[in-house]
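User: I'd like to learn how to read a fold from its pairing and contacts. Could you walk me through this one?

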Amino acid sequence: MKKKLMVVDDSRMMELQICKLLEDSEFEVAAYCENGEEAITRYEEIHPDVVTMDIIMPGIDGLETAQIILEDHPEARIVVVSALTDEGTVSEAAGIGAKTFLYKPLTREGLIGALEQALA
């Protein structure tokens, strides 16, 4: 049985790219959310095995969204995905409980490795 992934990113292109990168892998995109508010609601419905979370989105950002999800679901496995590369952002993501940080642009090996690391 495939592992369920919830993609949280305001770019539909990112969701399509992740679907393509995960073809023939043990992961499948079970839900796509365009913003943090939607992600918080959908997490309750989907109970994904792992979540990829963009940082910069309209409304509440990805770090705040991750924090809210983790407060309600401490078992949540969140991989922060961003083009932001400063150490402060990476440290903040780790501080709120994100399992790992993945830099854009994504590669198949990097994405699958990060998802596997989050589940380990």
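Analyst: Let's begin in the sheet: Met53 stands opposite Val80 in E4. One caveat early on: this is a predicted model, where local features need pLDDT of at least 70 and side-chain atom pairs count only at pLDDT 80 or more, while totals for chains, interfaces and linings use all residues. Residues are numbered from 1 along each chain as its sequence is written, and side-chain values use heavy atoms, with hydrogens and water left out.

User: What do labels such as E and H stand for?

Analyst: They are DSSP runs numbered from the N terminus: helices are H or I with at least four residues, and strands are E with at least two. Two strands pair if DSSP finds at least two bridges between them. Here, strand E3 (residues 50-54) pairs with E4 in the parallel sense over four bridges. Along that pairing, Thr52 sits opposite Val79 in E4.

User: How does the chain get from E3 to E4?

Analyst: For handedness, point the strands away from you: a crossover is right-handed if the path from the first strand over the helix to the second runs clockwise. The chain leaves E3, passes through helix H3 (residues 62-72) and enters E4, a right-handed β-α-β crossover. E4, helix H4 (residues 87-96) and E5 also make a right-handed β-α-β unit.

User: Which way do E4 and E5 run, and how many bridges join them?

Analyst: E4 and strand E5 (residues 100-103) run parallel, joined by four bridges. On this side Ser82 stands opposite Tyr103 in E5.

User: Is E4 mostly covered or uncovered?

Analyst: We go by relative accessible area: buried means under 20%, exposed over 50%, and partly exposed in between, using a 1.4 Å probe and protein chains only. Strand E4 (residues 78-82) is mostly covered, with five of its five residues buried. Look at the two faces: Ile78, Val80 and Ser82 are buried on one side, and Val79 and Val81 are buried on the other.

User: What is the strand order of the whole sheet?

Analyst: It's an open sheet of five strands in the order E2-E1-E3-E4-E5, with parallel pairing. At the edges are strand E2 (27-33) and E5, each pairing on one side only. Neighbouring strands are turned by 25 degrees against each other on average, direction ignored. Axes here are lines fitted to C-alpha atoms, for helices over the stretch in contact, and angles run from 0 to 180 degrees between N-to-C directions.

User: Which strands does helix H1 lie across?

Analyst: Contact means heavy atoms within 4.5 Å. Helix H1 (residues 12-21) lies across strand E1 (3-8), E2 and E3, and runs at about 170 degrees to E2. Helix H2 (residues 36-46) also packs on the sheet, touching E1, E2 and E3, and its direction makes about 135 degrees with that of E2.

User: Now for charges. How many salt bridges are there?

Analyst: The rule wants a side-chain nitrogen of Lys or Arg within 4 Å of a carboxyl oxygen of Asp or Glu. The count comes to five salt bridges. One of them joins Glu15 and Arg12, with the closest N and O atoms 3.3 Å apart. Both residues lie in helix H1, three residues apart, about one turn of the helix. Glu15 is buried, at a relative accessible area of 8%, whereas Arg12 is partly exposed at 46%.

User: What about Glu45 and Arg42?

Analyst: Their side chains meet in a salt bridge at 3.2 Å, N to O. Glu45 and Arg42 both lie in helix H2, three residues apart, about one turn of the helix. Glu45 is exposed, with a relative accessible area of 54%, and Arg42 is partly exposed at 23%. Elsewhere, salt bridges that share partners join Asp9, Asp54 and Lys104 into one network.

User: Where should I look for backbone oddities?

Analyst: Try Lys104 again: a cis peptide bond joins Lys104 and Pro105, with omega about 0 degrees. Pro105 is in the loop between E5 and helix H5 (108-119). Then check phi: for Asp24 the angle is near 60 degrees, a positive value in a residue other than glycine. Asp24 sits in the loop between H1 and E2 and counts as exposed at 77% relative accessibility.
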